[in-house]
Amino acid sequence: MKIKFITILVWLMFCQLFFAQTGAYQKETKATKATRMQWYQDARFGMFIHWGAYSQLDGEYKGKKQKDPKGEWIMRNLKIPVDEYATEIAGKFNPKHFDADKWAKTAKEAGMKYLVITTKHHDGFALFDSDVSDYNIVDASPFKRDVIKELSDACRRYGLKFGVYYSQAQDWHHPGGLAPKNRWDKKQNGDWVTYFKTIVKGQVTELLSNYGEVSLLWWDSGRATQNKKVADSIAKELVKLQPTIIVNPRLGGNLKGDFNTYEQVIPGVFTKEYNELCLTHNRSWSYKPSDDAWKSPEFLLKTLVHITALGGNFLFNVGPNQDGEFPEQTLKALQYIGDWMKVNGASIYGTQANPFYKLPFGEATLKTNGQKTNLYLHIYNWPKNQKLSVPGLKNNIVSATLLGTNTILKTKKKTNSVEITGLPKEKSHPAVSVLVLEIEEPLHIDAGFIKPSASEELLLTPSNALLTIKPQFDCIPTIVKTNKDAYFDNWKNCIPHPRFKNTGNKAHWKVEIPSKGNYKVIATVATQNNRNVVTFQAKDKVKITLPNTGGMDVFKRVELGEVSLKKGINTLTFAGGKKMETWDFVRLKEIQLLKIQ
Ligand code: H79
């Protein structure tokens with residue numbers, strides 16, 4: 001009897017280990033997850049679509065203007081009553097030029113591999129035919145077509161993976177749905193759990209049942225999710241409807257999701273395995289023609305290359321207009337990236353992250369196939385002397401080609417680099433040219449992490465930093481170069497949103513040290529008041545209020561405390577505190593780490 005019991009137990013444990021079901025929110029091995037994530041990991045580039053009743057408005061309603069740049073927030077920002085929004089705005093949504101085929105084709109031609117659309121945003125209005133709530137495009141608007149049906153079919157025709165965004169925590173229409181801070185209409189009152197169990201559960205069931213394969217589920221506003229236990233247990237059941245679906249981490253609660261999301265912030269480093277950056281083209285997710293802060297096509301292309309080189313995905317947002325057309329500027333940017341992808345896509349899809357810490361000319365990715373490796377070099381700064389040096393590369397190079405040309409290049413192995421010669425005088429692309437080096441042996445490099453000097457000092461400077469930036473408010477840090485050195489200036493061009501006092505800019509450094517030890521941290525900074533709170537983070541975050549050094553040109557050495565570093569690679573981060581006036585008025589020249597004996 002006993003033996004039988006043990007046999008069964010062992011057998012059950014074996015099943016757990018080897019037949020772990022695939023699927024988000026379920027126990028699975030690293031390898032099963034990798035298989036489930038494969039298409040996503042290879043894709044690198046996707047289209048986010050924010051479209052709904054709000055797309056008819058240009059940040060203005062009945063003479064009142066939104067301060068918030070996000071058009072899709074207009075109902076909340078201007079506190080439009082529930083019934084009025086439903087009749088005056090949702091009830092008039094009639095996007096007569098909507099053409100799902102055209103959208104999918106545009107995404108495909110831009111080189112995108114997946115698409116995620118707002119099936120229901122915070123305003124509660126669904127873009128699909130729903131039996132759970134009549135507040136949807138088929139039952140409550142003159143358009144009467146199931147946009148999600150048409151678009152999911154179109155995506156399949158073009159071989160794009162189809163994903164759904166669904167706002168599960170906030171809902172400003174259905175009773176019980178959340179609104180940040182306060183609800184403004186008594187129609188919104190109700191119990192959140194009941195709302196979740198009826199509207200959310202019902203509608204997500206519809207989405208995952210009625211539209212064929214749904215590859216990705218994008219929850220939003222996880223922090224607001226009120227009853228995390230209820231959300232967790234229902235979501236766990238829901239995703240079983242699509243066993244291989246990939247889920248983002250914004251449900252809230254204990255379910256972590258399959259990847260990390262970065263919203264409107266371009267990271268300088270990733271700290272986890274699967275990552276996705278979502279970014280608007282101007283400052284709004286939904287159509288907002290009066291906002292002309294369009295990011296340039298070059299900037300967007302470099303963002304795609306940068307995120308790919310970090311090993312993540314770029315989900316670029318499009319806000320179609322009230323008629324269902326993409327903005328001209330967005331079409332132009334997509335075409336620009338698509339043209340580049342047709343020539344250089346091999347350096348993006350299915351690649352691994354840049355193995356180097358930092359390259360002087362741009363970025364890199366790689367693809368391995370058995371003993372063979374293709375190393376792709378993304379060149380932003382085209383060399384004038386027709387030569388390019390790849391510092392830290394120690395391999396023999398079988399061939400070097402400039403993608404999109406038939407120029408044959410020569411390579412020469414040096415002590416700690418490879419030199420490529422014979423480059424054309426003119427760059428092959430105005431923003432990013434790609435060289436591919438074929439290597440037929442295991443990759444052998446010195447990645448170039450920051451290392452301690454003979455006296456066990458580490459020096460962190462603007463020129464060896466990686467940056468995290470928030471481009472939507474033009475918060476791009478400037479590095480001022482003097483003839484002696486360089487410093488990070490104020491985040492000068494920042495137009496702070498009144499609600500977002502922290503710009504989110506960060507500087508990171510990766511240091512490689514031979515053995516574990518404690519270090520004293522000394523920053524050389526200039527400040528003009530004593531309100532500057534900064535943070536310095538190795539494993540733990542330390543918060544420091546900088547003293548007034550006596551002016552923006554007076555640099556002084558200030559102790560930031562002590563950190564403990566582990567053997568190997570450590571990521572160190574310097575950032576501002578929570579208030580705008582902190583980091584904003586700091587100039588940073590360098591950070592020195594001195595080993596404590
Ligand atoms: O769908 C897009 C955004 O609408 C959504 N996520 C992306 C993908 C999003 N929801 N919330 N947020 C973004 C950030 C919310 C910021 C807030 Fe506020 C600060 C909410 C309340 C204070 C912005 C400023 C909205 C009202 C004032």
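In this predicted model, isoleucine 117 is in contact, once its neighbours within four places in sequence are set aside, with Ile49, Trp103, Leu127, Val147, Ile148, Leu151, Phe162, Gly163, Val164 and Tyr165. Isoleucine 117 also belongs to the largest nonpolar core, a set of 104 residues in which Ile117 and Trp219 touch the most other members. The greatest contribution to this core comes from helix H7, which spans residues 192-210 and supplies nine residues. Because domain 1 (5-16 + 28-344) and domain 2 (362-439) both give residues to the core, it lies between them. Apart from this core there is another one, made of 33 residues, including Phe449, Leu466, Leu546 and Leu593.

The protein as a whole is divided into domain 1 (5-16 + 28-344), domain 2 (362-439) and domain 3 (457-595). Between the C-alpha centres of domain 1 and domain 3 the distance is 34 Å.

Around the ligand there are 16 residues, of which His50, Lys70, Glu72, His121 and Asp220 come nearest. When the residues of this shell are sorted by character, six are nonpolar, four are polar and six are charged. Two of the side chains approach oxygen atoms of the ligand: a polar side-chain atom of glutamate 72 lies 2.6 Å from an oxygen atom, and a polar side-chain atom of tryptophan 73 lies 3.1 Å from an oxygen atom. For aspartate 220, by contrast, the partner is a nitrogen atom of the ligand, and a polar side-chain atom of this residue lies 2.8 Å from it.

Aspartate 220 is also one of the residues in contact with glutamine 168, which is placed in the loop between S5 and H7. Glutamine 168 counts as buried because its relative accessibility is 0%, and the limit for a buried residue is under 20%. Beyond its neighbours within four places in sequence, the contacts of glutamine 168 include Trp192, Tyr195, Phe196 and Val200, together with Trp219, Ser221, Gly222, Thr225, Arg250 and Leu251. With threonine 225, glutamine 168 also forms a polar contact between side chains, at 3.3 Å.

Helix H8 covers residues 228-238, and within it Val230, Ala231, Asp232, Ile234, Ala235 and Leu238 are buried. The spacing of such positions can be read against the geometry of a helix. An α-helix has 3.6 residues a turn, so residues three or four places apart point the same way. In this model the buried residues of H8 pack against H7 and against strand S6 (216-219). At the start of H8, a side-chain oxygen of asparagine 227 reaches to within 3.3 Å of the backbone nitrogen of lysine 229.

Two lysines have a backbone angle that calls for comment. Most residues other than glycine have a negative phi. Lysine 144, although it is not a glycine, has a positive phi of about 60°, and a positive phi of about 60° is likewise found at lysine 181, which is not a glycine either. Lysine 144 sits in the loop between strand S4 (114-120) and helix H6 (147-157), whereas lysine 181 belongs to the loop between strand S5 (161-166) and H7. Since exposed residues are those over 50%, lysine 144 counts as exposed at 53% relative accessibility, and lysine 181, at 66%, counts as exposed for this reason too.

In domain 3 (457-595), glutamate 457 lies in strand S18, which is formed by residues 457-460. Its relative accessible area is 28%, so glutamate 457 is described as partly exposed. Leaving aside its neighbours within four places in sequence, glutamate 457 is in contact with Lys451, Pro452, Gln592, Leu593 and Leu594, and its side chain makes a polar contact of 2.8 Å with the side chain of glutamine 592. Glutamate 457 and phenylalanine 98 are 359 residues apart in sequence, and their C-alpha atoms are 61 Å apart in space.

Threonine 478 is placed in the loop between strand S19 (466-468) and strand S20 (479-481). With a relative accessibility of 23%, threonine 478 counts as partly exposed. Threonine 478 and phenylalanine 488 are 10 residues apart in sequence and 6.0 Å apart in space, C-alpha to C-alpha.

Definitions and conventions
Residues are numbered from 1 along each chain as its sequence is written. This is a predicted model: local features need pLDDT of at least 70, side-chain atom pairs count only at pLDDT 80 or more; totals for chains, interfaces and linings use all residues. Side-chain values use heavy atoms; hydrogens and water are left out. Helices (H or I, at least four residues) and strands (E, at least two) are DSSP runs, numbered from the N terminus. Buried means under 20% relative accessible area, exposed over 50%, partly exposed in between (1.4 Å probe, protein chains only). Contact means heavy atoms within 4.5 Å. A polar contact is a pair of N or O atoms within 3.5 Å; within protein, one must be able to donate a hydrogen and the other to accept it, and residues adjacent in sequence count only if both atoms are side-chain atoms. A residue is near a molecule or strand if one of its heavy atoms lies within 4 Å of it. Ala, Val, Leu, Ile, Met, Phe, Trp, Tyr, Cys and Pro count as nonpolar, Asp, Glu, Lys and Arg as charged, and the others, Gly among them, as polar. A nonpolar core is a set of buried Ala, Val, Leu, Ile, Met, Phe, Trp, Tyr and Cys residues joined through side-chain atoms within 4.5 Å. Domain bounds come from an automatic or database domain assignment.
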